[in-house]
Amino acid sequence: MSGTLIVGASQAGVQLAVSLREGGDREPITLVGAESRPPYQRPPLSKAFLLGTADDTSLAFRTPDFYAERGIDVVAGERVETLTLAASPSASGTATTGRGRTLGFDRLALTVGARPRRLAVPGTDLDGVHHLRDVEDAARIRRDLASASAVVVVGGGFIGLEAAAVARAQGRVVTVVEAADRLIPRSVAPVVSEFYRRAHERRGTVVRLGAAVRALSGEGGRVRGVVLDDGTRLPADLVLVGIGIVPRTELAEAIGLACDGGIVVDRYARTSRDGVVAAGDCTVAPHPLTSEGRVRLESVQNAVRQARAAAATLAGRPPPAAEVPWFWSDQFDLKLQIAGLAAGHDEVVVRGDPATERFSVLYYRDGSLLAVDAVNVPADYLTVRKALATGVAIAAEDARRPDRSLKELLAPRPTLR
Ligand SMILES: Cc1cc2nc3c(=O)[nH]c(=O)nc-3n(C[C@H](O)[C@H](O)[C@H](O)COP(=O)(O)OP(=O)(O)OC[C@H]3O[C@@H](n4cnc5c(N)ncnc54)[C@H](O)[C@@H]3O)c2cc1C
């Protein structure tokens, strides 16, 4: 059978299938995913699911009936190993899965996501050493956490810090080891990094910055410690490695698609080959608001937006309007909400006192607002998101005034008569 083949059944793949149907597409759709369970959400894996307040049934995006009613054929537990495309410009071809199944298609979408980056040191194959990408990983960590006493999280990014917060909330001795000189270095300003360092330390976590891991040590096949470059040995019976992800580009490369730290797509989610689209964590794309350069965004919002664009492209419709990127992270009782992209900023404005655990940071370049990080201040997040979406300026000197709410600054100014 042919029709549309979507390889990768997760946030982007599901959205793509649903958007095709919402747009009136009646062609057969096959959504093939390597994981054995029906498509599910990843964000709770380092939050409520790890904590034990959400079970795996609550993770599913949709019920089996939902897919069946829309004629979306979900093939779970099958990894596409090879793709064969007919001569260009046709996008038809066949896919072969690891179980030997052949799937024909005349339109192809790659939504294959990413795999966790591995630590290149001895000892990573010891029991008790984990990565966190899928629900099986999370279930194993949850199980080991129940009996662990000392947890070392390698990598002070969002996933590592969320997991560290869960471990600490469960009373474990927790150390976060980060090679850079601050936490979450790729995504937030130093003031926000420093806030998170203090917030985790206030809650009893040890944070070691500028610390590289030399080896993981074990006994009887089980991890017992983390050895740092300076010779320090941190006791550990659970190690979580959260040092980023590597986009899965191997299928794309095998069929000759341009890749550059991700499958290269344009704002229509088109790859370098006509009729083949890609979306989500596996892609690099122009900046979603300025169309400049290439960025790789690892977020639900980006996966959904690109999948909608990919569906529009396959259906021959114009892409949906540009959307302000957003993201969130929950650590303890701290809710971080981010709108916009801070990359390239040359000025920050801090509103509120980070010591109160309620503050926001606005990012500017050449006086133009780029983004906000809001910790426990949803109003600032919503206001900046709206300002960025509507093109309303919030001047840095106004944002600096503690007596004015950001919302007030957004409101149209009264004209003088
Ligand atoms: C623990 C965790 C917490 C997160 N928290 C947040 C958050 O708070 N906020 C936020 O915005 N984002 C968060 N994210 C990121 C967000 O989940 C991802 O951006 C999103 O899942 C990307 O969706 P995707 O469909 O592109 O890729 P993925 O979700 O990675 O899905 C890709 C799928 O393709 C499958 N696949 C790969 N290769 C093949 C193949 N050859 N054949 C068949 N199937 C294949 C994979 O098995 C996988 O199921 C989090 C991610 C993780 C792991």
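This report describes the ligand site and two strand pairings of a predicted model.

**Ligand site**

The shell around the ligand comprises 35 residues, of which Ser10, Glu35, Arg42, Lys47 and Arg133 come nearest. By residue class, this shell divides into 17 nonpolar, 9 polar and 9 charged residues. Several elements each supply at least two residues of the shell: the helices α1 (11–22) and α8 (300–314), and the strands β2 (29–33) and β21 (326–331).

At the level of domains, residues of the shell come both from domain 1 (4–115 + 246–314) and from domain 2 (118–243), so the ligand lies between them.

Polar contacts to oxygen atoms of the ligand are listed below.

| Residue | Protein atom | Distance to a ligand oxygen atom |
|---|---|---|
| Gln11 | polar backbone atom | 3.3 Å |
| Glu35 | polar side-chain atom | 2.5 Å |
| Arg42 | N or O atom in the side chain | 2.6 Å |

On its own, the ligand has 1,000 Å² of accessible area, and the protein covers 96% of this area. Glu35 and Arg42, which appear in the table with side-chain atoms, are also among the residues that come nearest to the ligand.

**Parallel pairing of β11 and β12**

Strand β11 (residues 173–178) pairs with strand β12 (residues 206–209) in the parallel sense, over 4 bridges. Within this pairing, Val176 stands opposite Val207 of β12. Helix α6 (residues 190–202) joins the two strands in a β-α-β unit, and this unit is right-handed.

**Antiparallel hairpin of β13 and β14**

Which sense does the pairing of β13 and β14 take? Strand β13 (residues 213–219) and strand β14 (residues 222–228) pair in the antiparallel sense, with 6 bridges. One bridge involves Glu219, whose partner in β14 is Arg222. The hairpin has 2 residues between its strands, and Gly220 takes a positive phi near 60° there.

Terms used:
Residues numbered from 1 in each chain as written. Predicted model: local features only at pLDDT ≥ 70, side-chain atom pairs only at ≥ 80, totals over all residues. Heavy atoms only, no water. Pairing = 2+ DSSP bridges. Right-handed = clockwise from strand over helix to strand, strands pointing away. Near = heavy atom within 4 Å. Polar contact = N/O pair within 3.5 Å; in protein donor to acceptor, adjacent residues only side chain to side chain. Areas by Shrake-Rupley, 256 points an atom, 1.4 Å probe, with all protein chains shown as cover. Nonpolar A, V, L, I, M, F, W, Y, C, P; charged D, E, K, R; others polar. Domains from an automatic or database assignment.
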